[in-house]
Amino acid sequence: MKVVVFGATGTVGRPLLAELARAHQVIAVSRKEQADQGDATWKKADATDAASVRRVLEGAQVAYSLVHSLGAADFEAEDLRAAETTARAAERAGVRQLVYLGGLGDDSADLSPHLHSRRETGFRLASTSVPVTTLRAAIVIGRGSAAFETIVSLVDRLPAMVTPRWVSTRTQPVALPDVVSYLAGVCGLEPALGTAFDVGGPEVMTYRAMMERIALLRGKRPFILELPLLTPYLSSLWLHLVTPMNAGVTRPLIEGLRNETVVRDDRIRRLLPIELTSFDEAARLALDERR
């Protein structure tokens, strides 16, 4: 099949190209010119520009929407525009399936702007006749993942941390290779059409436990003190001071940590029974790649 990947230069997009190329003709889409590589043909398009999106979708059967404007001041509006443009162009082009990577926890009554944006973007993608397959994931453990890189920066830079209540929020981190396997596995898969799946790793843990486990892998033992009065907003400002991460990226992420992100429906495990990577192994692999 001809498969188009929007957001192909991202943390998830790059390894997904290689996985899809094993069985499909892959078109990788970026806003900037990219040289063709062995696993994909690169094309230039802006997901908010209808004409360029129509061009890259010509003849495609499946399209992946991995576009994310986190870091932009109006990331919510930007992502909605991209989803609207992609959905309408896909319908006109006769695309048979759209695949979207969303966020776990987006069914909470108290959504952060980031998770609200992920949910609304998925709804907008599903606003036409093209069936959408949505995979909802929590924090992705892999090199380049903003949440993972933020945690590593904290562990590396601070021997002691004063943290807010969100460090006790439960989450179900998933290894980058496992997310890629799930995304590639639903490509053209009939039972996955028009369906949303929760995806997660084999362990449920708190963010504090994640920090402590990564610290052990780094040979560190940071002192962590929870301070209930430290709000997620103040935490994001603090993170901007002590880590190299962009405040426009960390603020929405940190504000979303108040929402529990745990798998509630494991149907995808029966549909695609891949062997899940442990948290420690995923973190070790990501840390090795950073070196």
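This is a guided tour of one predicted model, going from the whole chain to single residues and then to pairs of helices.

**Before you select anything**

Because this model is predicted, local features are described only where pLDDT is at least 70 and side-chain atom pairs only at pLDDT 80 or more, while totals for chains, interfaces and linings use all residues. Residues are numbered from 1 along each chain as its sequence is written, and side-chain values use heavy atoms, with hydrogens and water left out.

**The whole protein**

Begin with the entire chain in a cartoon view, where the secondary structure comes to eleven helices and 13 strands; these elements are DSSP runs numbered from the N terminus, with helices (H or I) of at least four residues and strands (E) of at least two. Of the 291 residues in the protein, 52% are buried, where buried means under 20% relative accessible area, exposed means over 50%, and partly exposed lies in between, using a 1.4 Å probe and protein chains only. Among contacts between residues at least 6 apart in sequence, 78% join residues at least 24 apart, and a contact here means heavy atoms within 4.5 Å.

**Strand S6: Val132 and Thr133**

Select residues 132-137, which form strand S6, and look for threonine 133 within this strand. Is threonine 133 buried or exposed? Threonine 133 counts as buried because its relative accessibility is 0%. Leaving aside neighbours within four places in sequence, the contacts of threonine 133 include Gln97, Leu98, Val99 and Tyr100, and also Val186 and Phe197.

Now move to valine 132, which is also in strand S6 and is buried, with a relative accessible area of 8%. If you draw a line between the C-alpha atoms of valine 132 and leucine 98, it should span 4.6 Å, although these residues are 34 apart in sequence. With neighbours within four places set aside, valine 132 also touches, among others, Leu125, Ala126 and Ala192.

**Strand S10: Val174**

Next select residues 174-175, strand S10, and pick out valine 174, which counts as buried at 1% relative accessibility. Which residues does valine 174 contact, leaving aside neighbours within four places in sequence? They are Ala137, Ile139, Val140, Ile141, Val179, Gly200 and Gly201. The C-alpha atom of valine 174 is separated by 7.3 Å from that of phenylalanine 279, which is 105 residues away along the chain.

**Helix H4: Arg118**

Select residues 113-125, helix H4, and show the side chain of arginine 118, a residue that counts as buried at 5% relative accessibility. Follow this side chain to the backbone oxygen of leucine 101, which it reaches at 3.4 Å; a polar contact is a pair of N or O atoms within 3.5 Å, and within protein one must be able to donate a hydrogen and the other to accept it, while residues adjacent in sequence count only if both atoms are side-chain atoms. Not counting residues up to four places away in sequence, arginine 118 touches Val67, His68, Asp79, Tyr100, Leu101 and Gly103.

**Helices H1 and H6**

Select residues 13-20 for H1 and residues 176-185 for H6, and you will find that their axes come within 9 Å and cross at roughly 50°. Such axes are lines fitted to C-alpha atoms, for helices over the stretch in contact, and the angles run from 0 to 180 degrees between N-to-C directions. H1 and H6 are therefore oblique to each other, since angles under 35 degrees count as roughly parallel, over 145 as roughly antiparallel, 65 to 115 as roughly perpendicular and the rest as oblique. Show Pro15, Leu16, Glu19 and Leu20 of H1 together with Leu176, Val180, Leu183 and Ala184 of H6, which make the contact.

While H6 is selected, find aspartate 178 in this helix, which is buried at 4% relative accessibility and which, apart from neighbours within four places in sequence, contacts Ile274, Glu275, Leu276 and Thr277.

**Helix H5 and its two partners**

Finally, select residues 146-157 for H5 and residues 279-290 for H11, whose axes come within 12 Å and cross at roughly 75°. That makes H5 roughly perpendicular to H11. In this pair, Phe148, Glu149, Val152 and Asp156 of H5 meet Ala283, Ala286, Leu287 and Arg290 of H11.

Then add residues 207-217, helix H7, whose axis comes within 10 Å of that of H5 and crosses it at roughly 65°. Here Phe148, Ile151, Val152, Leu154 and Val155 of H5 meet Met210, Met211, Ile214 and Ala215 of H7.
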